Amino acid sequence: MAAKVEAGRLPREGSPWTGLWAVVTKEMADYLTGIRMLILEVLIVLTAAGTVFMAAETLRTTVGQDRFLFLRLFTAQRDPLPAFIGFLAFLVPLIAIALTFDTVNGEFNRRTLSRVLAQPIYRDALLFGKFLAGFFTLTLVLTAIWLLVFGMGLVRLGVPPGGEEVARSLLFLLATIFYGGVWLALALLFSVRFRQPATAALASIAVWLFFTVFWGMIAQGLSQLLVPIRYGLVQEVLAQNQVAMTLSRLSPITLYTEVTMALLYPSLRAFGLVGVLLQLQEGVILGAPLPLSQSLLLAWPQFTGLVAVTVLLFAVSYILFQRQEIRA
Amino acid sequence: MDAPVIQTQELTKRYGNFVAVDRLNLVVEPGEVFGLLGPNGSGKTTTILMLLGLTEPTSGTVWVMGLDPARQPLSVKSRVGYIPDQVGFYDDLTARENLIYIAKLNGIPRAEAYRRIDDALERMGLTEVADRPVGTYSRGMRQRLGVAEVLIKRPALIIMDEPTLGLDPEAAREFLNTIRDLKAQGITVLVASHLLHQVQAVCDRVGLFHRGRMVLEGTVEELARRVLGGGYRVHVEATGPQAAILEALRCLPDATKAETTGPEKYMVEGRRDLRGEAARAVVEAGGSLRALQLEEPSLDDVYARYFQEVEYGREG
């Protein structure tokens, strides 16, 4: 704060977080009692129950053969349903976007913003409070689902989870929350930028669609352009694959997928084609699980990447919001 | 506490090349109702936002109760109540829930907050509907809820932006009475409005805004005298010899102008109230008096006349 003192000017009084918890509790109460939230909860609980039930049915036949049986609950799939993590990668962004796309511009349109900002709080508290409320709501929902999955696993499989399984799946939960945080911050940014909630929602969904559907293809295409295979050498294939992977990691979806892979498949040693070759070269036996610390190390860059994107997006919306004229 | 509640010096706000507020010098004394009047886009709302520290001035200084709103916004905003133009509430929450949120934002302890909320709702006559969602409220009720909201923080100054806009005449009159009540409690009130005729009735002093500048300031009577010249207009309705009556009216002492405004209708402008003299003059000229009325100086007239002159002045 002292650094803010300019020559001849007093620093701003008080904490920027005055009133933060009032905002958080009010917004959370809104989220948790809203119809929108109810719809999303029903949707996600149904998919969670469905996928995990199917997974458990598959796993019942292999109980005892797998050290990480509980992790399989999240990853096993049985037609016609995809695996639980697939659903999460798809649904979490939607929940996050639905939570915040109208949070700031909605206040504009209801003409409550100037009234709220005329109270003795800073804008910081309002924006951060809204983000935190979304974040806590997301945490609450995802934790509930996680517990549901674990509970169903206990009932259907009939074996208790090991300590490492619990640790790994808890870290997976944390990663999922931050993955949601990225989309939360994105929708918040758009809700600051666009006056119409519908525009903000569409823009958020467009970004989500872009990364879900198109970015993979674009990364592939770009890598073929940038690193063309001229002679068909292994090095060329590897180099191209490396570029494609780097590009696709610009997408939060790729980051999240890689984190979950590292955490939920303990035997995974590296990502992509390179990883597979590396393992063959070193003569490492596929399937021997890594200790948790090593899996975590593998996922660490992606995990920090997710957190960084969240922080970055929030920072941009923060700057936009501070500069915005609040008159309607 | 005799220091001015609001004091600005050469306060200026620019948006790019557009000057929203131009070198404003405004002083509002404690306990008065001050009207910030002028058409839309003349800089009233921008001035208010600067008073609350919601917008930073480009240059000049603002003091609200001795505090700088840009540097000490929390202290200023905890003592100033602001009712924005078309005040909005969370429609799906009840009035009481809306007020509880505001009380929390003000950091008022719970028990005290509940007491103040009950008190404020009671005073604004909203106790019966306090637990209904605000979405079901009429425009007038919302406006009253706006007052109830600012009363929670026990403000020394209340700023209202277009408080009577969109209210039906009855609700507007009630609301103006509310402003009088606030004044009676010693609260200073700043009202911004373009509905001059409604607001002039409650204002002790007014400032007329035009294109970002406060061009006139004073009591309504002062402004009327200054701009409308004579200031006092008497409308006379009388039957009898027209020419003689008109001549008699014109010859009254202190009369500046007399004219016919219709069949058997006359108007006298004077430097003081000429009703008595006019009545006698009509009778002495052989007419019979039917009606006699002193025209209240109207801010609308002041405004229209003033800017007519300004425009003429510019062209000439």
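# Briefing: two chains, their helices and their contacts

Let's start with helix α10 of chain B, residues 275-284, where the buried residues are B:Ala278, B:Ala281 and B:Val282. They sit on the same side of α10(B), because the arc they cover around the axis is only 100°. Keep in mind that this is a predicted model. From α10(B) we go on to helix packing in chain B, the contact between the chains, the make-up of chain A, and a few single residues.

**Around α10 of chain B**

- On the other side of α10(B) you'll find B:Gly276 and B:Glu284, and these are exposed.
- The cover over the buried residues of α10(B) includes two strands with higher numbers, β12 (265-270) and β13 (288-295) of chain B, along with β10 (232-239) and α9 (242-250).
- After α10(B) comes B:Gly286, which has a positive phi, near 90°.

**How α3 and α4 of chain B pack**

- As background, a pair of packed helices is described by two things: the angle between the axes and the distance between them.
- Take α3(B) and helix α4 of chain B, residues 110-123: their axes come within 10 Å and cross at roughly 130°.
- That angle falls outside the ranges for roughly parallel, antiparallel or perpendicular, so α3(B) and α4(B) are oblique to each other.
- The crossing in which α3(B) passes α4(B) is right-handed.
- On the α3(B) side, the contact is made by B:Ala95, B:Arg96, B:Leu99, B:Ile100 and B:Ala103. On the α4(B) side, the residues are B:Ala113, B:Arg116, B:Ile117 and B:Leu121.
- Sorted by class, this contact of α3(B) with α4(B) has 7 nonpolar and 2 charged residues, and no polar ones.

**How α4 and α5 of chain B pack**

- α4(B) also packs against helix α5 of chain B, residues 139-152, at an angle of about 145° and with the axes 9 Å apart.
- This crossing of α4(B) and α5(B) is right-handed.
- From α4(B), B:Arg116, B:Ile117, B:Ala120, B:Leu121 and B:Arg123 take part. They meet B:Ala148, B:Leu151 and B:Ile152 of α5(B).
- The class split for the contact of α4(B) with α5(B) is 6 nonpolar, 2 charged and no polar residues.
- B:Arg116, B:Ile117 and B:Leu121 turn up in the contact with α3(B) and again in the contact with α5(B).

**Where chain B meets chain A**

- The two chains touch through 24 residues of chain B and 23 residues of chain A.
- Three helices of chain B, namely α1 (44-51), α2 (73-79) and α3 (95-105), each supply at least two residues of the side that touches chain A.
- That side of chain B divides into 12 nonpolar, 8 polar and 4 charged residues.
- So α3 of chain B supplies residues to the side touching chain A, and it also makes a contact with α4(B).

**Chain A as a whole**

- Chain A has 13 helices and 0 strands.
- Its C-alpha trace spans about 70 × 55 × 40 Å along the principal axes.
- Of the 328 residues in chain A, 38% are buried.
- If you take the contacts in chain A between residues at least 6 apart in sequence, 78% of them join residues at least 24 apart.

**A:Leu171, a buried leucine**

- A:Leu171 lies in helix α8 of chain A, residues 163-193.
- It counts as buried because it has 20 C-beta neighbours inside 10 Å.
- Leaving out residues up to four places away in sequence, A:Leu171 touches A:Leu263 and A:Leu296.
- A:Leu171 and A:Leu264 are 93 residues apart along the chain, and their C-alpha atoms are separated by 9.5 Å.

**Two loop residues with positive phi**

- A:Arg111 isn't a glycine, yet its phi is positive, near 60°.
- You'll find A:Arg111 in the loop between α5 (105-109) and α6 (113-117) of chain A.
- A:Arg111 counts as partly exposed because it has 15 C-beta neighbours inside 10 Å.
- Over in chain B, B:Asp254 has a positive phi of about 70°, and it isn't a glycine either.
- B:Asp254 lies in the loop between α9 and β11 (255-262) of chain B.
- With 14 other C-beta atoms within 10 Å, B:Asp254 is partly exposed.

Technical notes:
Residues are numbered from 1 along each chain as its sequence is written. Chains are lettered from A and ligands numbered from 1 in the order in which they are written. This is a predicted model: local features need pLDDT of at least 70, side-chain atom pairs count only at pLDDT 80 or more; totals for chains, interfaces and linings use all residues. Helices (H or I, at least four residues) and strands (E, at least two) are DSSP runs, numbered from the N terminus. A residue is buried if 20 or more other C-beta atoms lie within 10 Å of its own, exposed if 12 or fewer, and partly exposed in between; C-beta atoms are placed from the backbone. Two residues are in contact if their C-beta atoms, placed from the backbone, lie within 7 Å. Ala, Val, Leu, Ile, Met, Phe, Trp, Tyr, Cys and Pro count as nonpolar, Asp, Glu, Lys and Arg as charged, and the others, Gly among them, as polar. The arc is that of the directions from the helix axis to the C-beta atoms. Axes are lines fitted to C-alpha atoms, for helices over the stretch in contact, and angles run from 0 to 180 degrees between N-to-C directions. Angles under 35 degrees count as roughly parallel, over 145 as roughly antiparallel, 65 to 115 as roughly perpendicular and the rest as oblique. A crossing is left-handed if the near helix is turned anticlockwise from the far one by less than a right angle, and right-handed if clockwise.
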